[in-house]
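Work through the exercises below with the sequence and the coordinates open. Each task is followed by a solution in steps.

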2 protein chains.
Amino acid sequence: MIVDALIERIKEYKNPTVAGLDTSFEYLPEEMKRGVQDFKGVADAVLCFNKEIVDKICDIVPCVKVQIAYYEMYGVEGMRAFAETVRYASSKGMFVMTDAKRNDIGATAECYAKAYLGETAVGERTMTAFDSDFLTVNGYLGSDGIKPFLNWMEKKDKGIFVLVKTSNPSSGELQDMKLENGKTVYEYMGSLVEKWGEGSVGKYGYSAVGAVVGATHPKQAEILRSQMPHTFFLIPGYGAQGGKADDLKVCFRKDGTGGIVNSSRGILCAYKQEKYAGLDFASAARHACIDMQKDLNNAIKG
Amino acid sequence: MIVDALIERIKEYKNPTVAGLDTSFEYLPEEMKRGVQDFKGVADAVLCFNKEIVDKICDIVPCVKVQIAYYEMYGVEGMRAFAETVRYASSKGMFVMTDAKRNDIGATAECYAKAYLGETAVGERTMTAFDSDFLTVNGYLGSDGIKPFLNWMEKKDKGIFVLVKTSNPSSGELQDMKLENGKTVYEYMGSLVEKWGEGSVGKYGYSAVGAVVGATHPKQAEILRSQMPHTFFLIPGYGAQGGKADDLKVCFRKDGTGGIVNSSRGILCAYKQEKYAGLDFASAARHACIDMQKDLNNAIKG
């Protein structure tokens, strides 16, 4: 089961980190950007950058999260770089999460599920499009927008992470609103997530239906951890967004399991930090991952 | 202003219809599918199908809505077909809406805004990726996930439609929940949409921030029309999903403005209906659009 396997890799590497490949062309070192004039040039450079990062961290970081928006903005060529990044990270043995926050009504959600977790039929053959281990989704449309993902997850041993409490400053505008029944919207969404995961709980007690819970809202995260005992958390917001290791330790059980923490710019742009001066971008990324690992483990075990 | 221009086109054509290009390869006539073995073949066939539909309806239908999930499931080649469909429909003078329900935190929403409404910088140049007139978005993350879209809308005269009350059966699971303040979640989302649109109200009284309001939930649609006087509606759910013209007339003001109604399968697959027997797929689509136009106008004016 995919979440069991992810947890085992986290234990093996002693590292609950997912490296976010939100690779804007602007993040690349000057020498990689020089002379690039079009989306094809951007896509080639971004892919090259991503591959070097993956090569440098795949033995210490369990998973990459590829934020698809950063590729969509470079058009069809960007999507090619996205597809090849997903493929490359998989080929290096990393778990691959596509962060796309997809959502739609049943028949259309089925297409998204095929695109990222399942396969698409062409005549008598079936093929994969952007084959990932995990996909982030948005649950605003309710169960029938989620079921197609659950079906493909079961068929292909995949997982999803549903937005529950997001890391951005205005997440509370809707998510913190109180319902008549006394629960907040994010707590209610959390209860739906627990229900959607009932059929897929693995040996560590977590289902294949995870939740996105921002590191920037520790109070809400603590409530969700207690109300969602079977849900594994994807925790964005650490580092550049302001979330600290101490804030997010509430997402973890006493046994040290419970979630995986994302950092993107902190890793991709590490080479720009004084702390990592003199290192090439990939070596700086590796050092940033090691520093993050120590910081997280100190907090989670402390 | 884009919504004013859309309304003028609707008036000119006497047709509040948006044709949904949710073009699954499976919808195509057998002779277009024969021998296709890979995503490239699928993409070529789908694009060819879409172009013939656009050619046949562009003088009577104001707008197409391209549902991106149906292209993502065919990988990078599918995205090429998507991009070229958007470009082709634009070149034929149609308004183009990308139905992608995108959503993310601010920095990432900015990437989506660039991809679908704005432009992306590469060195000293800027280029467009999937340049559309309108984009559907999901507001679960609140204002800072919406602002990047508002900025690009203003710069480039574009519009968005935010999910408020979706057409699917389980939309009520979250959207119909009552908040402590007495409003439902969909009413509250509607109030956010009205607020986001305050800065962009055009001469017909509607802002560039529209709302998705399903034709399948007439009671909720009626409430929303009265609570959202400045919001133009994108109304899915007519036809194949069960929404009737009589159900959705509550979305319109007495002057006949107020929304645009989507049909996808009812148009794309019209050639399979007994009613249109003997017609090629594009001619059947045109006839289905004319029948839909009559049906809508009867209800809206009735």
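**Exercise 1. A glycine in a helix**

Task: Decide whether A:Gly78 is buried or exposed, and list its contacts outside its own stretch of sequence.

Solution. The model is a predicted one. Step 1: A:Gly78 has 30 C-beta neighbours inside 10 Å, so this residue counts as buried; the cut-off for that class is 20 or more. Step 2: A:Gly78 belongs to helix α5 (residues 75–91) of chain A. Step 3: leaving aside neighbours within four places in sequence, the contacts of A:Gly78 are A:Phe39, A:Ala43, A:Tyr71, A:Glu72, A:Met73 and, from chain B, B:Ala129. Step 4: the C-alpha atoms of A:Gly78 and A:Gly41 are 9.8 Å apart, with their positions 37 residues apart in sequence.

**Exercise 2. Two chains**

Task: Find what operation lays chain B on chain A, and describe the contact between them.

Solution. Step 1: a turn of 180 degrees with a shift of 0.0 Å along the axis lays chain B on chain A with an RMSD of 0.0 Å. Step 2: this is the relation of a two-fold axis. Step 3: the contact takes 60 residues from chain B and 60 residues from chain A. Step 4: on the side of chain B that touches chain A, the elements giving two or more residues include α3 (39–57), α5 (75–91), α6 (106–116) and α9 of chain B. Step 5: the residues on that side of chain B divide into 30 nonpolar, 19 polar and 11 charged. Step 6: 100% of the interface residues of chain B are also interface residues in chain A, so the copies meet through the same surface.

**Exercise 3. The faces of two helices**

Task: For α1(A) and α10(B), state which residues are buried and where they lie around the axis.

Solution for α1(A). Step 1: helix α1 (residues 2–13) of chain A has 12 residues, which should span 16 Å at 1.5 Å a residue, and its end C-alpha atoms are 16 Å apart, in agreement. Step 2: A:Val3, A:Leu6, A:Ile7 and A:Ile10 are the buried residues of α1(A). Step 3: seen down the axis, the buried residues of α1(A) fall within an arc of 100 degrees, so they line one face of the helix. Step 4: their cover includes β2 (63–67), β3 (95–102), β7 (159–165) and β10 (259–263) of chain A. Step 5: A:Lys14 follows α1(A) and has a positive phi, near 50 degrees.

Solution for α10(B). Step 1: the buried residues in helix α10 (residues 218–227) of chain B include B:Gln220, B:Ala221, B:Leu224 and B:Arg225. Step 2: they cover an arc of only 140 degrees around the axis, which puts them on the same side of α10(B). Step 3: B:Lys219 and B:Ser226 are exposed on the other side of α10(B). Step 4: the buried residues of α10(B) pack against β7 (159–165), α9 (185–196), β8 (209–213) and α11 (245–248) of chain B.

**Exercise 4. Positive phi**

Task: Place A:Lys101 and A:Asp157 in the chain and state how buried or exposed they are.

Solution. Step 1: A:Lys101 is not a glycine, yet its phi is positive, about 50 degrees. Step 2: A:Lys101 lies in strand β3 of chain A and is buried, with 28 other C-beta atoms within 10 Å. Step 3: A:Asp157, also a residue other than glycine, has a positive phi near 55 degrees. Step 4: A:Asp157 sits in the loop between α7 (147–156) and β7 of chain A. Step 5: its 16 C-beta neighbours inside 10 Å make A:Asp157 partly exposed.

**Exercise 5. A buried loop residue and the core**

Task: Describe the surroundings of A:Ser132, then find which residues touch the most other members of the largest nonpolar core.

Solution. Step 1: A:Ser132 is in the loop between β5 (125–127) and β6 (134–137) of chain A. Step 2: with 27 C-beta neighbours inside 10 Å, A:Ser132 counts as buried. Step 3: among the residues that A:Ser132 touches are A:Val86, A:Val96, A:Met97 and A:Tyr116. Step 4: the largest nonpolar core has 212 residues, and A:Val64 and B:Val64 touch the most other members. Step 5: contacts of A:Val64 include A:Val18, A:Leu21, A:Val54, A:Val96 and A:Met97.

Conventions. Residues numbered from 1 in each chain as written. Chains lettered and ligands numbered in written order. Predicted model: local features only at pLDDT ≥ 70, side-chain atom pairs only at ≥ 80, totals over all residues. Helix = DSSP H or I, 4+ residues; strand = E, 2+ residues; numbered from the N terminus. Buried ≥ 20, exposed ≤ 12 C-beta atoms within 10 Å, placed from the backbone. Contact = placed C-beta atoms within 7 Å. Expected span 1.5 Å × (residues − 1). Arc of directions from axis to C-beta. Nonpolar A, V, L, I, M, F, W, Y, C, P; charged D, E, K, R; others polar. Core = buried A, V, L, I, M, F, W, Y, C linked by C-beta atoms within 7 Å. Least-squares fit on C-alpha atoms with pLDDT ≥ 70 in both.
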